[in-house]
Amino acid sequence: MALSLYNTRTREKQLFEPLSPGRVGMYVCGPTVYDFAHVGNARPVVVFDVLYRLLKTSYEHVRYVRNITDVDDKIIAAAEKTGEKIEDITVRTTDAYHEDMAALGALPPDIEPRATDHVEQMIAMTERLIARGNAYEADGHVLFAVATDENYGKLSGRNRDEMIAGARVEVAPYKKDPADFVLWKPSTGNQPGWDSPWGFGRPGWHIECSAMAREYLGLTFDIHGGGRDLVFPHHENEVAQSTCAHDEAEFARYWVHNGFLTVEGEKMSKSIGNVLLVRDLLTKAPGEALRLNMLSTHYRQPLDWTEEGVSQARKILDRWYRAAGDAEPTTCEAVVDALEDDMNTPKAIAVLHELANAASQGDAVAAGQLRGGANLMGVLLNSADAWFKGSGVVEYDISFMNKLAEPLPEIANRIDSQVTAAIAKWDEMTDEQQGTIYELCINLLIDFRTLAREHREFKTSDIIRDLLLDANITLEDGADGTTWRRTS
RNA sequence: GGCCAGGUGGCGGAGUGGCUACGCAGCGGCCUGCAAAGCCGUGGACACCGGUUCGAAUCCGGUCCUGGCCUCCA
């Protein structure tokens, strides 16, 4: 089966065929770097990461471009509010963004251009639009004249009358037409700016994507992605600018948009106070669980982000890791088929469940396919051991050690000097050292419990198991002895 | 107000005309000292009202509800 994608422009699922055989160009709108990324920001990143991984399996040359918007009025506002320098804000936020997205298992794009590095190209494109009569200068601004583009509105499926009728925002007096939008605007005071033919100023929002897509992907490229909310006006305006500046050359061929996200049934907004930062979520659940939760809804569907959903995703991963073990990943055609069907990740997940069932019953082929299929979606990337025991989001907590003497003094006597010494200077140890001691303690307790069980002192063994459970450690008695894992 | 999505079992979530995915939770059983994990089995849905059809969750019309966009929010 071949890849098909739902194209916003044509409003139907289409077979994907790249412009040049074996070569795919994809542009995805990236973040405006003024604050930490929230789950809503993360959705397109995860969604297009799946597409990126999928494309790489079929095409030799895939160029994925995702921009960083580092000049924007919101950034200026943030700087004014805190007094922090704009560059400090954008650099710091960009770094945090990279960390957070990596934690969600998203591969870095091939090229990540920053808007401020491409002002020259934006000025050139703006000049070209003026020369062609598609843009005009007014009151220090340069505006795109929507009326000069007969195709304006086709992507988002709206016409100018509707837009004017529905306009909620007061129209700036210098606009010839209420629908015209800014390509360049003047900067004053502390606002960042660049010299241009129209004076000191800065670019409008939409022009950066047009300029950077042109720079790295050419006049016409294959896939343009982003959130649904960007269809209008952002993407509509991008199309208008680019096609007009490029003598009507087609801009993006396939427009792919992910649906919106709500939190516990409510829209996410600062006023409600339910904006979930990826950063915060990562302290409570592994990135892989967040990612799987994200992918358990089809990308075009609205996604309701809930704690219950994250917890379910985590349980599913537990099961998959248990079933797959550390099998060598192999290709699973059924998963590929599901993903090639407009990235039907829920269907792919259903296939993985079936593979997990088979793998649990000892099917080694299924175990490999489970690994491989899941990897294609960017999950099941750890070793099973790392998943179950890894530090991840588990904080090494020695409080349970301190409680040992209470119910079972004899355990304390068995704790060796190495552990005792370590506990004394616990706070000075690195995470890794703590982890080592932590595991040592767990294994000591397991040994002691095994001894108790051999003597059929089940009351003692159950106390130990409960003690560990309090510390988020679940014990499992198997044929080959007792193993432990963090509690889900 | 205009335009556009979506409403599937307790929960999550596929599915565009017939054979009622899949998972979580639940229930029963096997296993276990007891658990956990695993295995076997099991009930349960298609917002509402009409229509088309031999037959609709799936097509058409209407109603209700939720969400998005309407000039710089993924």
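## Working through chain A

Of the 488 residues in chain A, 51% are buried. Keep in mind that this is a predicted model. Chain A has 19 helices and 15 strands, and its C-alpha trace spans about 90 × 55 × 40 Å along the principal axes. Among contacts in chain A with a separation of 6 or more, 75% are between residues 24 or more positions apart.

### Exercise 1: an aromatic pair

Task: Classify the ring pair Phe16 and Tyr254, and work out which parts of the chain the pair ties together.

Solution. Start with the general idea: two numbers describe a pair of aromatic rings, the distance of the centres and the angle of the planes. The structure holds ten aromatic pairs. For Phe16 and Tyr254, the centres are 4.9 Å apart and the planes make 55°. Stacked needs an angle under 30 degrees and edge-to-face one over 60, so 55° makes this pair tilted.

Next, place the two rings. Phe16 sits in the loop between strand 2 (12-15) and strand 3 (23-28), while Tyr254 belongs to strand 10 (residues 252-258), so the pair ties together parts 238 residues apart in sequence.

Then check burial, where the cut-off is under 20% relative accessible area. Phe16 comes in at 3%, so Phe16 is buried. Tyr254 has 6%, so Tyr254 is buried too.

Last, look for further partners: ring pairs join Phe16, Tyr59 and Tyr254 into a cluster.

### Exercise 2: a second pair, plus a charge

Task: Do the same for Tyr321 and Trp387, then find which arginine lies over the face of Trp387.

Solution. The ring centres of Tyr321 and Trp387 are 4.9 Å apart, with 20° between the planes, and the pair is stacked. Tyr321 is in helix 10 (residues 307-324) and Trp387 in helix 14 (residues 384-389), so this pair links parts that are 66 residues apart in sequence. Both Tyr321 and Trp387 are buried.

Now for the charge. Arg486 lies over the face of Trp387, 4.8 Å from the ring centre. There's another arrangement of this kind elsewhere: the charged end of Arg300 sits over the ring of Tyr6, 4.1 Å from its centre.

### Exercise 3: how helices pack

Task: Decide whether each of these helix pairs is roughly antiparallel or roughly perpendicular: helix 12 with helix 13, helix 18 with helix 19, and helix 1 with helix 9.

Solution. Take helix 12 (residues 345-360) and helix 13 (residues 364-376) to begin with. Their axes are 8 Å apart and the angle is about 150°. That angle makes helix 12 roughly antiparallel to helix 13. The crossing is left-handed. On the helix 12 side, the residues in contact include Leu352, Leu355 and Ala356; on the helix 13 side, they include Ala366, Leu370 and Gly373.

Helix 18 (residues 431-454) packs on helix 19 at about 160°, again with the axes 8 Å apart. Helix 18 and helix 19 are therefore roughly antiparallel, and their crossing is left-handed. Here Ile442, Leu445 and Phe448 are among the helix 18 residues that meet helix 19, whose contact residues include Phe458, Ile464 and Leu468.

For helix 1 (residues 39-58) and helix 9 (residues 287-295), the angle is about 80° and the axes lie 10 Å apart. So helix 1 is roughly perpendicular to helix 9. Helix 9 contributes Arg291, Met294 and Leu295 to the contact, and helix 1 contributes residues including Val39, Ala42 and Val46.

### Exercise 4: two residues towards the end of the chain

Task: Say where Asn472 lies, where Thr483 is found, and which residues they touch beyond four places in sequence.

Solution. Asn472 is in the loop between helix 19 (458-470) and strand 14 (473-478). With 43% relative accessibility, Asn472 counts as partly exposed. Setting aside neighbours within four places, Asn472 contacts Arg485, Arg486 and Thr487. Arg486 is 14 residues away along the chain, and its C-alpha atom is 5.6 Å from that of Asn472. You've met Arg486 already: this is the residue over the face of Trp387.

Thr483 is in strand 15 (residues 481-486), and at 42% relative accessibility Thr483 is partly exposed. Leaving out residues up to four places away, Thr483 touches Thr474, Leu475 and Glu476. Between the C-alpha atoms of Thr483 and Gly325, 158 residues apart along the chain, the separation is 14 Å.

Note on methods: Residues are numbered from 1 along each chain as its sequence is written. Chains are lettered from A and ligands numbered from 1 in the order in which they are written. This is a predicted model: local features need pLDDT of at least 70, side-chain atom pairs count only at pLDDT 80 or more; totals for chains, interfaces and linings use all residues. Side-chain values use heavy atoms; hydrogens and water are left out. Rings of Phe, Tyr and Trp (its six-membered ring) pair if their centres lie within 6.5 Å; planes under 30 degrees apart count as stacked, over 60 as edge-to-face and the rest as tilted. Helices (H or I, at least four residues) and strands (E, at least two) are DSSP runs, numbered from the N terminus. Buried means under 20% relative accessible area, exposed over 50%, partly exposed in between (1.4 Å probe, protein chains only). A charge sits over a ring if NZ of Lys or CZ of Arg is within 6 Å of the ring centre and within 35 degrees of the ring normal. Axes are lines fitted to C-alpha atoms, for helices over the stretch in contact, and angles run from 0 to 180 degrees between N-to-C directions. Angles under 35 degrees count as roughly parallel, over 145 as roughly antiparallel, 65 to 115 as roughly perpendicular and the rest as oblique. A crossing is left-handed if the near helix is turned anticlockwise from the far one by less than a right angle, and right-handed if clockwise. Contact means heavy atoms within 4.5 Å.
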